[in-house]
Protein chains: 2
Amino acid sequence: MDSSERIQTLQQHIENSIRALFENREPRSLYRPMAHLLRSGGKRIRPMLLLLSAEAVGGDAYTCLPAAVAIELLHTFTLVHDDIMDHDNMRRGQPTVHVQWDEPTAILAGDGLVTMAYQKLLQTEHEQLIPVIKLFTEGLLVLCEGQALDKTFENQASVTLDEYLNMIYKKTAKLLEVSCEMGVILGNGTQKEAKSLRGFAKELGMAFQIQDDLLDLISEETVFGKPRGSDLIQKKQTCLTIHFEHSATSDQKKYYRRLFQKDRLSEADIHTIQQLFNETGTLQNTRNMVTQRVERAIRCLLKLKAGESRNILESFAVKIRDRVM
Amino acid sequence: MDSSERIQTLQQHIENSIRALFENREPRSLYRPMAHLLRSGGKRIRPMLLLLSAEAVGGDAYTCLPAAVAIELLHTFTLVHDDIMDHDNMRRGQPTVHVQWDEPTAILAGDGLVTMAYQKLLQTEHEQLIPVIKLFTEGLLVLCEGQALDKTFENQASVTLDEYLNMIYKKTAKLLEVSCEMGVILGNGTQKEAKSLRGFAKELGMAFQIQDDLLDLISEETVFGKPRGSDLIQKKQTCLTIHFEHSATSDQKKYYRRLFQKDRLSEADIHTIQQLFNETGTLQNTRNMVTQRVERAIRCLLKLKAGESRNILESFAVKIRDRVM
């Protein structure tokens, strides 16, 4: 079985487990909105990281399947609530839960998802289950802190790069780190292996979020599943805006701020912002940050035993890099 | 030490633990809204039930303190989100979180509270911790189901008494049941003791919710901390509306429905509804339901060893009955 077959096999197990979650659950008014986003695709990066980390340290992916599904449920919960908070109407090319139903329904669907995440995690049979639940819970609290910082930054005139990196670590990278570490513990790996995979996940998570910021501006809407420039419209501080503020001339800044204040950006506006960000080297700088983080992630993997799972983890990192450029 | 001193002592421990939760936590934009409702009073019924149940079966209340605080955090989480869903502006005489801040902040505060609930629960040192976390999680999922049913009923022309009782069991009684059962497990009680205390908690929870429905109509605003008649304005199906529909004449119903369709109820409207509900025996019937449930709750306690904790649990039930009449 080559790598891509192995990925497919694991992904199929994840999909089957997810599908089985909602069978015969009542009331439908709770479980249908809960299932909506979970069933609308998604790359299943976090559960895959968990399973591959377990395998990379010699563990058995199948005993980790409930924990892997739990991580995906947790991630989906945060997306459902974030979409309400950020007024995002589309995700994965579909209406978000609060748009398809309404806000109360989406709040409750999120609450149901986080609960089900714990329920699924608790199905794991492992003597280290309590440390795993602690890790999972700590990851979730850090994630809430990251989301709070992200919202605070929207009303802040300027944010330093360090503040920004700390925020995206909490909001995005931490849960990837937790996914990998859970895999290591459940796969009975060593402390050293845990450290390597945490390092890998952290760099990968940072790269992923920085590239998300970039894709918000430069991707095709149909590819990314949501409108371009939505970060800018929401006055989000991103890697792009921070670099631009530091490197633009006062004329460029003045020009940009006029666009930044709009409630809606036309295709022409987005094109202008792309040009501005190109002239200041912002786009190139951001691309470089992604590349560097991905390289660092891959270096972390070298401390693990060579093997198929390590190769697949490496290919994950490469895929993320290549999604950008 | 008499019963009221014991109650005070336990309550003081709960308050101290709650106060310590938020010390030195950053970012403030997350933790201040999380602390808001938790610090605005509250009767701490659920944590007290947990501690008293543990003591009633011969366990040590102090080892159960983290779990007791966890239950209060979980309860507070549901209130913060329910207040958004129900558009309630006041609770415990204070602005609700989404009013004091905004909806995104309140959604995230709720998410932080549920996470911290698990974090606190995980501090418990007990060999049966995993079954306890399972119980806690199951209770939360049932509670989400109850809230979903409650919202569904708002758009339903009629609801049977059984449907209503099932909803309030899920929405209110279940978490009381879980509180008591957690206390029994952590107090190393028997299956038989668990059954008695579950029975007690279920009846108490049902009585509590039915009486809440009643108080929504007949209490003084200042006592109850939120506007009178808010259930009616939100078209909630309650014990009162269900009994009224079954026992009113068509003239009474017609008269009532005209008031029911208003977006705001004046003092005179509320007085009229009170009179209507009095004429149909609805108020008396509802009071009787509360009394019967409280009696049943107390009967469940008789299977436990006599002692101070049992007496305090009984006095809790009596207090709930006397809050109504």
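**Questions about a two-chain model**

Modeller: Let's start with B:Leu50. In this predicted model, and leaving aside neighbours within four places in sequence, B:Leu50 is in contact with B:Cys64, B:Ala67, B:Ala68, B:Ile71, B:Ser179, B:Cys180, B:Met182 and B:Gly183.

Colleague: What makes those residues count as "in contact" with B:Leu50?

Modeller: The cut-off is 7 Å between C-beta atoms placed from the backbone. B:Leu50 and each residue on that list fall within the cut-off, so they are called contacts.

Colleague: And where does B:Leu50 come up in the largest nonpolar core?

Modeller: That core has 196 residues, and B:Leu50 is among those with the most contacts inside it. The others in that group are A:Leu50, A:Ala67, A:Ala117, B:Ala67 and B:Ala117. As a general point, nonpolar side chains tend to be buried together in soluble globular proteins.

Colleague: Why is B:Ala117 called buried?

Modeller: A residue needs 20 or more other C-beta atoms within 10 Å to be called buried. B:Ala117 has 23, so it is buried. Leaving aside neighbours within four places in sequence, B:Ala117 is in contact with B:Ala70, B:Leu73, B:Leu74 and B:Phe77.

Colleague: Which helix holds B:Ala117?

Modeller: B:Ala117 sits in helix α6 of chain B, residues 103-121.

Colleague: How do you know that the span of α6(B) agrees with its number of residues?

Modeller: At 1.5 Å a residue, its 19 residues should span 27 Å. The end C-alpha atoms of α6(B) are 27 Å apart, so the two values agree.

Colleague: What makes you say that α6(B) is largely enclosed by the rest of the structure?

Modeller: Of its 19 residues, 17 are buried, so that description follows.

Colleague: What about B:Gln284: buried or exposed?

Modeller: Exposed. The cut-off for that word is 12 or fewer C-beta neighbours within 10 Å, and B:Gln284 has 12, so it counts as exposed. You'll find B:Gln284 in helix α15 of chain B, residues 282-301.

Colleague: Which elements do the buried residues of α12(B) pack against?

Modeller: They pack against α8 (161-186), α9 (191-218), α13 (250-260), α14 (267-279) and α15 of chain B. The buried residues in question are B:Cys239, B:Leu240, B:Thr241, B:Ile242, B:His243 and B:Phe244.

Colleague: Now the whole of chain A. How do you know that its radius of gyration agrees with that of a compact globule?

Modeller: With 325 residues, a compact globule would have a radius of gyration near 20 Å, and chain A has 20 Å, so it agrees. The C-alpha trace of chain A spans about 60 × 50 × 35 Å along its principal axes. Chain A has 16 helices and two strands, and 50% of its residues count as buried.

Colleague: Why are the two copies said to be related as by a two-fold rotation axis?

Modeller: A rotation of 180° with 0.0 Å of shift along its axis superposes chain A on chain B, with an RMSD of 0.0 Å. The two copies are therefore related as by a two-fold rotation axis. The same surface serves both copies, as 100% of the contact residues of chain A recur in chain B.

Colleague: How many residues are in contact between the chains?

Modeller: 31 residues of chain A are in contact with 31 residues of chain B. On the side of chain A that touches chain B, α2 (28-38), α4 (65-85), α6 (103-121) and α7 (129-154) each give two or more residues. Helix α7(A) gives the most, with 14 residues. That side of chain A divides into 19 nonpolar, eight polar and four charged residues.

Colleague: Which peptide bond in chain A is cis?

Modeller: A cis bond joins A:Glu26 and A:Pro27, with omega about 0°. A:Pro27 is in the loop between α1 (3-21) and α2 of chain A. In chain B, the bond from B:Glu26 to B:Pro27 is also cis, with omega near 0°.

Colleague: And what is the phi of A:His87?

Modeller: Phi of A:His87 is near 55°, a positive value in a residue other than glycine. In general, most residues other than glycine have a negative phi.

Colleague: Why is A:His87 called partly exposed?

Modeller: Exposed stops at 12 and buried begins at 20. A:His87 has 13 other C-beta atoms within 10 Å, so it falls in between.

Key. Residues are numbered from 1 along each chain as its sequence is written. Chains are lettered from A and ligands numbered from 1 in the order in which they are written. This is a predicted model: local features need pLDDT of at least 70, side-chain atom pairs count only at pLDDT 80 or more; totals for chains, interfaces and linings use all residues. Copies are superposed by least squares on the C-alpha atoms of residues with pLDDT of at least 70 in both. Two residues are in contact if their C-beta atoms, placed from the backbone, lie within 7 Å. Helices (H or I, at least four residues) and strands (E, at least two) are DSSP runs, numbered from the N terminus. Ala, Val, Leu, Ile, Met, Phe, Trp, Tyr, Cys and Pro count as nonpolar, Asp, Glu, Lys and Arg as charged, and the others, Gly among them, as polar. The radius of gyration is taken over C-alpha atoms; the globule rule is 2.2 Å times the number of residues to the power 0.38. A nonpolar core is a set of buried Ala, Val, Leu, Ile, Met, Phe, Trp, Tyr and Cys residues joined through C-beta atoms within 7 Å. The expected span of a helix is 1.5 Å times one less than its number of residues.
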